[in-house]
Amino acid sequence: AEIERVLRGFPEVREAAVVGVADPQWGETPVAVIVPSAEGACDPRALLDRFDGRLARYKHPKSVVLVAALPRNALGKIQLDKVRKMAEDALAREIELKKA
(Lines give C-alpha, C1' and ligand atoms only; values in the text may rest on other atoms or scores of the structure.)
Protein backbone atom coordinates (compact mmCIF):
# COMPACT_ATOMS: atom_id res chain seq x y z
CA ALA A 1 0.00 0.00 0.00
CA GLU A 2 2.86 2.42 0.79
CA ILE A 3 4.52 1.80 -2.56
CA GLU A 4 1.25 2.23 -4.44
CA ARG A 5 0.56 5.48 -2.58
CA VAL A 6 3.95 6.86 -3.68
CA LEU A 7 3.36 5.72 -7.28
CA ARG A 8 -0.05 7.44 -7.41
CA GLY A 9 1.75 10.71 -6.70
CA PHE A 10 3.78 10.47 -9.92
CA PRO A 11 2.06 12.24 -12.85
CA GLU A 12 3.34 9.72 -15.41
CA VAL A 13 1.52 6.85 -13.61
CA ARG A 14 -2.17 6.35 -14.42
CA GLU A 15 -2.57 3.11 -12.42
CA ALA A 16 -0.30 0.89 -10.40
CA ALA A 17 -0.35 -2.41 -8.56
CA VAL A 18 2.47 -3.82 -6.48
CA VAL A 19 2.97 -7.58 -6.14
CA GLY A 20 5.57 -9.78 -4.56
CA VAL A 21 7.65 -12.03 -6.78
CA ALA A 22 10.06 -14.77 -5.80
CA ASP A 23 13.63 -13.66 -5.14
CA PRO A 24 16.50 -16.09 -4.46
CA GLN A 25 18.14 -13.78 -1.93
CA TRP A 26 15.18 -12.24 -0.07
CA GLY A 27 12.44 -14.81 -0.62
CA GLU A 28 10.09 -12.27 -2.15
CA THR A 29 10.53 -8.70 -3.39
CA PRO A 30 8.02 -6.05 -4.53
CA VAL A 31 7.56 -5.31 -8.21
CA ALA A 32 5.50 -2.35 -9.44
CA VAL A 33 3.24 -3.03 -12.41
CA ILE A 34 2.34 0.30 -13.95
CA VAL A 35 -0.04 1.65 -16.57
CA PRO A 36 1.61 4.86 -17.83
CA SER A 37 -0.54 7.97 -18.22
CA ALA A 38 0.87 8.53 -21.74
CA GLU A 39 2.75 6.25 -24.10
CA GLY A 40 6.50 6.62 -23.75
CA ALA A 41 6.16 9.04 -20.83
CA CYS A 42 7.29 6.56 -18.18
CA ASP A 43 10.94 5.63 -17.63
CA PRO A 44 11.11 2.66 -15.20
CA ARG A 45 14.64 3.49 -14.00
CA ALA A 46 13.70 7.12 -13.31
CA LEU A 47 10.62 5.99 -11.37
CA LEU A 48 12.71 3.71 -9.17
CA ASP A 49 15.17 6.55 -8.50
CA ARG A 50 12.33 8.80 -7.32
CA PHE A 51 11.60 6.50 -4.37
CA ASP A 52 14.74 7.78 -2.61
CA GLY A 53 13.70 9.92 0.32
CA ARG A 54 10.08 8.80 0.09
CA LEU A 55 10.34 5.26 1.46
CA ALA A 56 12.94 3.26 3.32
CA ARG A 57 15.34 1.57 0.87
CA TYR A 58 14.20 -1.94 1.77
CA LYS A 59 10.64 -1.01 0.76
CA HIS A 60 11.57 0.14 -2.76
CA PRO A 61 10.26 -2.03 -5.60
CA LYS A 62 12.90 -4.25 -7.21
CA SER A 63 11.73 -3.32 -10.68
CA VAL A 64 8.96 -1.72 -12.71
CA VAL A 65 6.90 -3.48 -15.37
CA LEU A 66 4.96 -1.32 -17.83
CA VAL A 67 1.64 -2.67 -19.14
CA ALA A 68 -1.20 -1.33 -21.26
CA ALA A 69 -3.89 -2.22 -18.69
CA LEU A 70 -4.27 -4.01 -15.38
CA PRO A 71 -6.48 -7.11 -15.44
CA ARG A 72 -9.79 -6.63 -13.62
CA ASN A 73 -12.67 -8.87 -12.66
CA ALA A 74 -16.36 -8.21 -13.42
CA LEU A 75 -16.60 -5.92 -10.38
CA GLY A 76 -13.62 -3.84 -11.53
CA LYS A 77 -11.19 -5.10 -8.89
CA ILE A 78 -7.59 -5.65 -9.94
CA GLN A 79 -6.79 -9.38 -10.24
CA LEU A 80 -3.51 -9.55 -8.34
CA ASP A 81 -2.83 -13.18 -9.29
CA LYS A 82 -2.84 -12.18 -12.96
CA VAL A 83 -0.76 -9.08 -12.22
CA ARG A 84 1.79 -11.29 -10.43
CA LYS A 85 1.94 -13.59 -13.48
CA MET A 86 2.45 -10.57 -15.76
CA ALA A 87 5.32 -9.36 -13.55
CA GLU A 88 6.95 -12.79 -13.38
CA ASP A 89 6.73 -13.22 -17.16
CA ALA A 90 8.19 -9.76 -17.82
CA LEU A 91 11.06 -10.35 -15.41
CA ALA A 92 11.76 -13.76 -16.98
CA ARG A 93 11.91 -12.14 -20.45
CA GLU A 94 14.28 -9.49 -19.07
CA ILE A 95 16.60 -12.20 -17.69
CA GLU A 96 16.53 -14.08 -21.01
CA LEU A 97 17.44 -10.89 -22.90
CA LYS A 98 20.40 -10.29 -20.59
CA LYS A 99 21.65 -13.84 -21.21
CA ALA A 100 21.45 -13.43 -25.00
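**Salt bridges in a predicted model**

Colleague: Is Arg-57 buried or exposed?

Modeller: Keep in mind that this is a predicted model. Arg-57 has a relative accessible area of 62%. Exposed means over 50%, so Arg-57 counts as exposed.

Colleague: And which residue forms a salt bridge with Arg-57?

Modeller: We need a side-chain nitrogen of Lys or Arg within 4 Å of a carboxyl oxygen of Asp or Glu. For Arg-57, the closest N and O atoms of the pair are 4.0 Å apart. The partner is Asp-52.

Colleague: How many salt bridges does that rule give?

Modeller: Going by that 4 Å cut-off, the count comes to seven.

Colleague: Lys-62 and Asp-23 meet in one of them, so how many residues apart are they?

Modeller: Their side chains come to 3.3 Å, N to O. Lys-62 sits in the loop between α2 (44–49) and β3 (63–66), while Asp-23 belongs to strand β1 (residues 13–23). That makes it a link between distant parts of the chain, with the two residues 39 apart.

Colleague: Which class does Asp-23 fall into, buried or exposed?

Modeller: Its partner Lys-62 is partly exposed at 47% relative accessibility. Asp-23 has 11%, and the limit for the low class is under 20%. So Asp-23 is buried.

Colleague: What separates Asp-49 and Arg-45 along helix α2?

Modeller: These side chains also meet in a salt bridge, at 3.7 Å, N to O. Asp-49 is partly exposed, with a relative accessible area of 43%. Because the two are four residues apart in helix α2, the separation is about one helical turn.

Conventions
Residues numbered from 1 in each chain as written. Predicted model: local features only at pLDDT ≥ 70, side-chain atom pairs only at ≥ 80, totals over all residues. Heavy atoms only, no water. Buried < 20%, exposed > 50% of the residue type's maximum accessible area, 1.4 Å probe, protein only.
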